[in-house]
Amino acid sequence: MAEQVDVVVIGMGPGGEHVAGGLAEAGLAVVGVEAELVGGECPYWACVPSKMMIRAGNLLAEARRIPGMAGSARVDADWAPVAARIRDEATDDWDDRVAADRFTGKGGRLVRGRGRLAGPGKVAVGDEVFEARRGIVIATGSKPQIPPVPGLDAVPYWTNRDAIAAKEPPRSLLVLGGGAIGVELSQVYARFGTRVTVVEAMDDLIPAEEPEAGELLAGVLRAEGLTLRTGTRAERVRHDGDAFVLELADGSELTGDQLLVATGRRADFSGLGLDTVGLDPSVRTLPTDGRMRVAPGLWALGDVTGHGAFTHVAMYEADIVLREILGREGPDADYRALPRVTFTDPEVGAVGLTEKQARDKGLRVRTGLSKVPDSARGWIHKAGNEGLVKLVADAERGVLVGATAVGPMGGEVMYGLAVAVQAEVPVTTLRHMIYAYPTFHRGVEDALRDLGA
């Protein structure tokens, strides 16, 4: 006999936990199903611990910028406090008791195991079956996407989880993938003394962003001693017990003590039982409407929807699902001003469309560019002032459809641009605003001037 409940949430990452907890607080009978740790990837292996690592690496970089600016400094990098902070402060040594208690304290019921759909309105977890009166929410996240490089399946490579949990940095590190995860972790390890080589098949780093951002970041990383091999693919991997050997398409070979695979993430629907509710189990993402509905009584949120593998997207979609299930009013999902940040130094903040994406949509595009070192604040900042602001405007409507802010606190500068894109603030209005002097965000005014009439 199936146990009757109101809602079953499969996957208790940030979005799933938010939905399940909110529904439980509203008085519904909620079952949250989780096969790993409540809280998901973000607090244990991604957003939170990686930013602790980045913070530590940035401190080292700032100390190394003291000569010529503020005297002299000696820097002795030590990974031990970084590893200890991740274990003690971020992850409780990868124990989710606090998160689990947070959910059950709201009245929810936590079931450990891998949930699978067992027909409309039904979820099975092992031998238990739950029948949801109001519906089911799928929030199963994503896992590392491992490329089909010959030999890769036979070697002990790292994923982001291994890189986060490392108790000491390797002497040398090969990084397969120059996207956000790859470049963030590469820079951190390099700043702690690891010899790092990044291999990216595309011509630019962070290829999902503006090429100007990737080019600028590449220059910074090379100046910090990283080796970058862009525009070439890995053809084969082997491991002789001591070192990894990566054979590239151009015939060259790279060796390293460790190999990090950071080639993106993908949803994994194997074993979820999508076919039991009439859905194709081979899909890469679950199609949703503006209310996050996949089918009657079935919602999805987070990485599985394909709208962006970001915690902030999962939380945004979770709020929509909460309103929908509880019958509350609110707008449909709107991804026009989707923000993202690559937390390198300099930070790469971006929102909305890139220039290429805007042109591919058939828009008549106008762009504006300014460079952080040319601004008053950038000149004052001096060491570590690399950056730029790029604006992408729809010339027909006279509004921004995308923007990128690279530089110190680039993710924070991007906030005002996100408001402009979301609210469709006319470019003429942006031009006639007062921009505080001397600030990094004043570079937006310079980019607007370059945008032209």
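Two residues are in contact when heavy atoms of each lie within 4.5 Å.

**Figure 1. Overview of the chain in the predicted model.** Of the contacts in the chain with a separation of 6 or more, 63% join residues 24 or more positions apart. The chain contains 14 helices and 22 strands. Its C-alpha trace spans about 75 × 60 × 40 Å along the principal axes. A compact globule of 453 residues would have a radius of gyration near 22 Å, and the value of 23 Å for the chain therefore agrees with that expectation. Buried residues make up 49% of the 453 residues.

**Figure 2. Surface and charge of the chain.** The accessible surface comes to about 20,600 Å², and carbon and sulfur atoms account for 51% of this area. There are 50 positive and 63 negative side chains in the chain. The centres of these two sets lie 2 Å apart.

**Figure 3. Close-up of R291 in its loop.** R291 is placed in the loop that runs between strand 15 (265–266) and strand 16 (293–295). Residues under 20% relative accessible area are classed as buried; R291 has 10% relative accessibility and therefore counts as buried. Its side chain reaches the backbone oxygen of P331 at 3.1 Å. When residues up to four places away in sequence are not counted, R291 touches W299, I320, R323, E324, R328, G330, P331 and D332.

**Figure 4. Close-up of E247 in strand 12.** E247 belongs to strand 12, which covers residues 244–248. With a relative accessible area of 23%, E247 is partly exposed. A234 is 13 residues away from E247 in sequence, and the C-alpha atoms of the two residues are 5.9 Å apart in space. Apart from neighbours within four places in sequence, the residues in contact with E247 are R233, A234, E235, R236, R238, S252 and E253.

**Figure 5. Close-up of helix 14 and the elements packed against its buried residues.** Helix 14 comprises residues 443–451, and its buried residues are G443, V444, E445, A447, L448 and L451. An α-helix has 3.6 residues a turn, so residues three or four places apart point the same way. The buried residues of helix 14 pack against three strands, namely strand 20 (365–371), strand 21 (388–394) and strand 22 (399–407). They also pack against helix 12 (410–423) and helix 13 (427–431). Just after helix 14, G452 adopts a positive phi of about 80 degrees.

How values were computed: Residues are numbered from 1 along each chain as its sequence is written. This is a predicted model: local features need pLDDT of at least 70, side-chain atom pairs count only at pLDDT 80 or more; totals for chains, interfaces and linings use all residues. Side-chain values use heavy atoms; hydrogens and water are left out. Helices (H or I, at least four residues) and strands (E, at least two) are DSSP runs, numbered from the N terminus. The radius of gyration is taken over C-alpha atoms; the globule rule is 2.2 Å times the number of residues to the power 0.38. Buried means under 20% relative accessible area, exposed over 50%, partly exposed in between (1.4 Å probe, protein chains only). Accessible areas come from the Shrake-Rupley method with a 1.4 Å probe; for residues, only the protein chains shown count as cover. Lys and Arg count as positive and Asp and Glu as negative; His and the chain ends are not counted. The place of a charge is taken as NZ of Lys, CZ of Arg, CG of Asp or CD of Glu. A polar contact is a pair of N or O atoms within 3.5 Å; within protein, one must be able to donate a hydrogen and the other to accept it, and residues adjacent in sequence count only if both atoms are side-chain atoms.
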